Structure formats: structure tokens, C-alpha cells
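This briefing concerns the fold of a single structure. Please view the sequence and coordinates below before reading on.

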Amino acid sequence: MVYLIEYNSSDRMQDRETEHRLGRELLQFAMERNYGSVYEVVRKRDAKPFLTGIQGIDFSITHTKGLVACGIGDRKIGVDAEYIRPFDERLMGRICTKEEIIYITGENDIIETREEKFFRLWTLKESFLKATGLGLSFPMREVSFSARTLEKQMAGIRGNIPGWSYKQFWYGDRFIVTICEEQKEEYGGNHVRRIERNHKPVCGC
């Protein structure tokens, strides 16, 4: 299950405080709603945060300008969201394979802009790093995706590293959200729920 909440962006420092607060509140809301149990977040240096007080539940929190999201589930999960914006094209050489760069810069795709395609790939790679706990020290080019697949679908995406499944969706016209989860045969899909500032669910799928 993934929960999302928007906020009004102001200055960078205040945004950061707002994002961290909303991330904690979303996690608390999600845990109470789905598991109703007491938990504690444990953070260790160079390791993915984890929960104590409940077994077999993983979580991931992400934030970008104007949006915070939290994913929880009974398998390893990584969630990444990005605000679509101009980007430094030198980043492509650092994080993308040659095929991925062609996908981003190709002029034959009139549906998505360069910015949209770049951040689709960025969030795919970032969500994998969050799910595995590898962090940004892991070379992002080592996680790659087929341009042909990306052009055809946003759910059931597979990368070059087996054992992981990806789903992407656009939130409004400004955000791309990606969910990376450990594959399990019995898995039936994830759900997304938007939360108002008063933490009352207003829509879900």
C-alpha cells in the first residue's frame, strides 16, 4: 500500500522540515490503518531503516517538492517520487546506459518529454536502491531498463536485475511515482491512496 499527501512548497529549509514531518505522519497513519500495532523506526548508519515491534513489514518514504509518499508491505519495498523539472543532461552519462540515453533523447516519442522520460528512469533506479538498501553509492547504470518496455507499459516493469517488480504512475501533471517491490508469486498488486492534510482518505485504487 502506498499513501501520498501534497503540501504547499515554500522555502527549501521549511520544505525539508515539512517533508520529514509528513513522512513520519504518513508512516504512522499507514501502520495504524493496516496493522494497528506499535512499532519503532530503527536507523543505522549506511543501512536501510527498519521497523521493530512488528515482524515482516517493510516501509519506504520519499519526498519531492510538493509531495510526500510512504509505502508499506510484507516484502521489501522502495518508493521514489519526483517533481518533473529541467535537469542537467550530464546526469544521463552518470546514471544511464546507452540504450536509456537514446530513449530519453529520441525524437520519435511525442507522448513524453525528455524531462518526463529522464525522471521515469531516475525513479525506477532510485526505488530499487531504496528497496535493497544499497544507497546512492551503488552505480545507477548497473540497474537498467529496456526502452521498448518503458514505451509500452508503466506496470509490471522488469529491469536487468531479477527478483524485482516495478510500477509507475503519474500523480497529477507534475509528479512521477515509482514503486519497486520484491517479487513473490502470490503477489496480487499494490494499492495507492491519497491522503488529505487532515489524514482522511479521499480516494484510492
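The points below cover strand pairing, the open sheet with its packed helix, and the N-terminal helix.

The structure is a predicted model. One open sheet in it holds 4 strands in the order 6-9-8-7, with antiparallel pairing. Strand 1 pairs elsewhere, with strand 5, also in the antiparallel sense.

**Strands 1 and 5**
- Strand 1 spans residues 2–6, and 4 of its 5 residues are buried.
- The antiparallel pairing of strand 1 with strand 5 (residues 67–73) comprises 5 bridges.
- Within this pair, Tyr3 lies opposite Cys70 of strand 5.

**The open sheet and helix 4**
- In the 6-9-8-7 order, strand 6 (77–83) and strand 7 (155–157) occupy the edges; each has a single partner strand, so one side of each lacks a neighbour in the sheet.
- Neighbouring strands of this sheet are turned against each other by 25° on average, with direction ignored.
- Strand 6 is joined to strand 9 (residues 175–182) by 7 bridges in an antiparallel arrangement, and Gly78 has Cys180 in strand 9 as its bridge partner.
- Helix 4 (residues 114–132) packs on the sheet and touches strands 6, 7, 8 (164–171) and 9, its direction making about 150° with that of strand 6.

**Helix 1**
- Helix 1 (residues 12–34) contains 23 residues and extends 32 Å from its first C-alpha to its last, close to the 33 Å expected at 1.5 Å a residue.
- At its start, a side-chain oxygen of Asp11 comes within 3.2 Å of the backbone nitrogen of Met13.
- Buried residues of helix 1 include Asp15, Glu19, Leu22, Leu26 and Phe29.
- Just after helix 1, Gly36 adopts a positive phi of about 55°.

Methods
Residues numbered from 1 in each chain as written. Predicted model: local features only at pLDDT ≥ 70, side-chain atom pairs only at ≥ 80, totals over all residues. Heavy atoms only, no water. Buried < 20%, exposed > 50% of the residue type's maximum accessible area, 1.4 Å probe, protein only. Helix = DSSP H or I, 4+ residues; strand = E, 2+ residues; numbered from the N terminus. Pairing = 2+ DSSP bridges. Axes fitted to C-alpha atoms, helices over the stretch in contact; angles between N-to-C directions. Contact = heavy atoms within 4.5 Å. Expected span 1.5 Å × (residues − 1). Polar contact = N/O pair within 3.5 Å; in protein donor to acceptor, adjacent residues only side chain to side chain.
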